[in-house]
Amino acid sequence: MRKLSVGILGATGTVGQRLIQLLDGHPWFETAVVAASDNSAGKRYEEAAHWLLETPIPASVRQLVVQPCRPGLACDFVLSGLPSRVARETELELAKSGMPVISNAGSHRMEPDVPLLIPEINPEHLAALDVQKRRLGGAKGYIVTNPNCSTIGLVFPMAALERKFGLEAVHVVTMQALSGAGYPGEASLDIIDNVLPAIEGEEEKIETEPLKILGRWKESKFEDAAIRISALTHRVSVRDGHLEAVSVKLRTAASAQDVAEAMRAFTSPIDELALPSAPRPVMILESHAQRPQPRLDRDRGHGMAVVVGPVAPCPVLDFKFRLLSHNTIRGAAGAAVLNAELLHRKGML
Ligand code: NAP
């Protein structure tokens, strides 16, 4: 089988590097084009990128010449790790030119015909692409997005509880890793010996994105789930892995054991598709009170699993627990690759 050729937008950045790492040896896809800003365009990738991952730059990518992010890239589809301010116009332009765009950026996530896709949770939201393609005026190009890196971890237990008991309210406090801010991220003198509260724009994303993800595509529009969410975000001095402390209020009575069992029993509509990047199980329940921890748990399921700690009664809402997910894999690059795998299985690439 011919591998599909992939273009990476923002290829020199934190998410771009992860995308290149995850595609190295991928059974269906290969990195054929790397694209970034005009500062990098024209340079060889190994010169342009300040490579920060533990594995070396794949040999097939080192010598690629970085392209500008413009229509005409020689690839079957693009994975985007562009900053939102750039992604808004650039991704739209590429999609209109006939290119499937699978994006990590926030700029198109909440548009009324753009799927905010998590294959294990809402693959049926891809139906919105029919409407989007009509808006963009073409048959082939479109934009599919994945959620914010804290939203994605949170939404797995939310999906399990919403399905089984109904979910009324969620309160979440995040402790987010440094790599979530891209490179170079926070200045060392701001973050060492410190915690930085209120990450710009994050609380609003965590309070709104799950409603779209857990909502329905009905009569050509998205209908939000009816859940109240309150989020407080913090940047902490951890390299990778977002930890979240969560309290939930359910719509029906349950015990802590019932809640844990609902998460353990979570099954995904894509299980039978055997997508190469889909972890089994996608949600891992830990029974030890001191887990999950970023250093110990972020690479579970090759960085694609969400690790949930013990469920306990909450004296204010109903139940509380902690969760952890790898922000640049499950929360970004791995999520985009999984979205591409689902689209390929459905013959949409
Ligand atoms: P980053 O490390 O700052 O990388 C940004 C990339 O975009 C670089 O390759 C940069 O190229 C390129 N770029 C910047 N300005 C450009 C322009 N005007 N035209 C073309 N390319 C341009 O950022 P990141 O952390 O990888 O984040 C990328 C996107 O993913 C953002 O939208 C972010 O919100 C989202 N995201 C990030 C994470 C995470 O954990 N980091 C998680 C989820 C979502 P040069 O090197 O040439 O400047």
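Reader: What is the volume of the second largest pocket, and which residues lie nearest its centre?

Author: In this predicted model, the second largest pocket has a volume of about 460 Å³, and among the 24 residues that line it, L22, H302, G303, M304 and I329 lie nearest its centre. Two or more residues of this lining come from each of α1 and α11, with α11 giving the most, namely four residues.

Reader: What makes residues count as lining of the second largest pocket?

Author: A lining residue has an atom within 4 Å of a grid point of the pocket, and 24 residues line the second largest pocket. By class, they are eight nonpolar, nine polar and seven charged.

Reader: How do you know that the contact between V15 and the ligand is a polar contact?

Author: A polar contact is a pair of N or O atoms within 3.5 Å; a polar backbone atom of V15 is 2.8 Å from an oxygen atom of the ligand, so this pair meets the cut-off. A polar side-chain atom of N327 lies 3.1 Å from a ligand oxygen, and a backbone N or O atom of G182 lies 3.4 Å from a ligand oxygen, so these pairs are also polar contacts.

Reader: Why is the ligand said to sit in the largest pocket?

Author: A molecule sits in a pocket if more than half of its atoms lie within 2 Å of the pocket's grid points, and the ligand is found to sit in the largest pocket, whose volume is about 1,300 Å³. The shell around the ligand has eleven nonpolar, 15 polar and no charged residues.

How values were computed: Residues numbered from 1 in each chain as written. Predicted model: local features only at pLDDT ≥ 70, side-chain atom pairs only at ≥ 80, totals over all residues. Heavy atoms only, no water. Polar contact = N/O pair within 3.5 Å; in protein donor to acceptor, adjacent residues only side chain to side chain. 1 Å grid on protein atoms, 1.4 Å probe; cavity = no way out; pocket = protein on both sides within 12 Å on 5 of 7 lines; lining within 4 Å. Nonpolar A, V, L, I, M, F, W, Y, C, P; charged D, E, K, R; others polar. Points joined across faces, edges and corners; volume = space filled by probe spheres on them.
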